[in-house]
Amino acid sequence: MAKKDMEKKKVEFRISAPDANWVGVAGDFNGWKPDGLKAKRDKGGIWKANAVVPVGKHEYKFVVDGEWVPDPSCPRKVVNTFGTENSIIEVR
């Protein structure tokens, strides 16, 4: 396996959800587990979560109080098998 295949980088996921009680990030990099990456809210209502993600293209969604939502600040999206959209992040 080439070194590039194993390379990982730190990524910060952010979403504004001031009224939310809980936010997680689920994606192909964590087995789509909503509680696999829990976010923390700052005083301004922005939820942030940091992850170390393999280099490459990944699909993800936020889970806000149990509702799966694509990242509103991410312009790149793809339709998933459920007919909804996943956000796409490319880690380089």
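**Core and strand pairing in the predicted model**

V53 is buried, with a relative accessible area of 1%. This value, like those that follow, comes from a predicted model. V53 belongs to strand 4. Outside the residues up to four places away in sequence, V53 touches E7, K8, K9, V11, F29, H58 and V91. The C-alpha atoms of V53 and E12 are separated by 10.0 Å. Along the chain, these two residues are 41 residues apart.

Strand 4 also features in the nonpolar core. The largest such core has 20 residues. Within this core, F13, V23, F62 and V64 have the most contacts. Two or more residues each come from strand 1 (8-16), strand 2 (23-27), strand 4 (46-54), strand 5 (56-64) and strand 8 (85-91). Strand 4 gives the largest share, four residues. The contacts of V23 were examined further. V23 touches I15, L37, K38, A39, W47, F62, V63 and V64, with residues up to four places away in sequence not counted. F62 and V64 thus appear both among the contacts of V23 and among the core residues with the most contacts.

Strand pairing was examined next. One open sheet consists of three strands in the order 1-4-3, with antiparallel pairing. Strand 1 and strand 3 (40-41) stand at its edges. Each has a single partner strand, so one side of each is left without a neighbour in the sheet. Strand 1 and strand 4 run antiparallel and are joined by nine bridges. One bridge pairs S16 with I46 in strand 4.

Strand 5 takes part in several pairings. Five bridges join strand 5 to strand 2, and the two run antiparallel. Here A26 has K61 of strand 5 as its bridge partner. Five bridges also join strand 5 to strand 8, again in antiparallel fashion. In that pairing, Y60 stands opposite S87 of strand 8. Strand 6 (residues 67-69) is joined to strand 5 by three bridges, and these strands run antiparallel. F62 stands opposite V69 in strand 6. Strand 5 and strand 6 form a hairpin with two residues between the strands. In this hairpin, D65 takes a positive phi near 50 degrees.

Two residues in the partner strands of strand 5 were considered in turn. S87 is found in strand 8. Its relative accessibility is 0%, so S87 counts as buried. A polar atom of the S87 side chain lies 2.7 Å from the backbone nitrogen of D71. D71 is also listed among the contacts of S87, together with H58, E59, Y60, P70, C74, R76 and K77, leaving aside neighbours within four places in sequence. Y60, the residue opposite S87, is therefore in contact with S87 under a cut-off of 4.5 Å between heavy atoms.

W68 lies in strand 6. At 36% relative accessibility, W68 counts as partly exposed, because the value falls between the 20% and 50% limits. W68 is in contact with A26, W32, P34, K61, F62 and V63, leaving aside neighbours within four places in sequence. Among these contacts, A26 and K61 are bridge partners. W68 and P34 are 34 residues apart in sequence. In space, they are 8.8 Å apart, C-alpha to C-alpha.

Technical notes: Residues are numbered from 1 along each chain as its sequence is written. This is a predicted model: local features need pLDDT of at least 70, side-chain atom pairs count only at pLDDT 80 or more; totals for chains, interfaces and linings use all residues. Side-chain values use heavy atoms; hydrogens and water are left out. A nonpolar core is a set of buried Ala, Val, Leu, Ile, Met, Phe, Trp, Tyr and Cys residues joined through side-chain atoms within 4.5 Å. Buried means under 20% relative accessible area, exposed over 50%, partly exposed in between (1.4 Å probe, protein chains only). Two strands pair if DSSP finds at least two bridges between them. A polar contact is a pair of N or O atoms within 3.5 Å; within protein, one must be able to donate a hydrogen and the other to accept it, and residues adjacent in sequence count only if both atoms are side-chain atoms.
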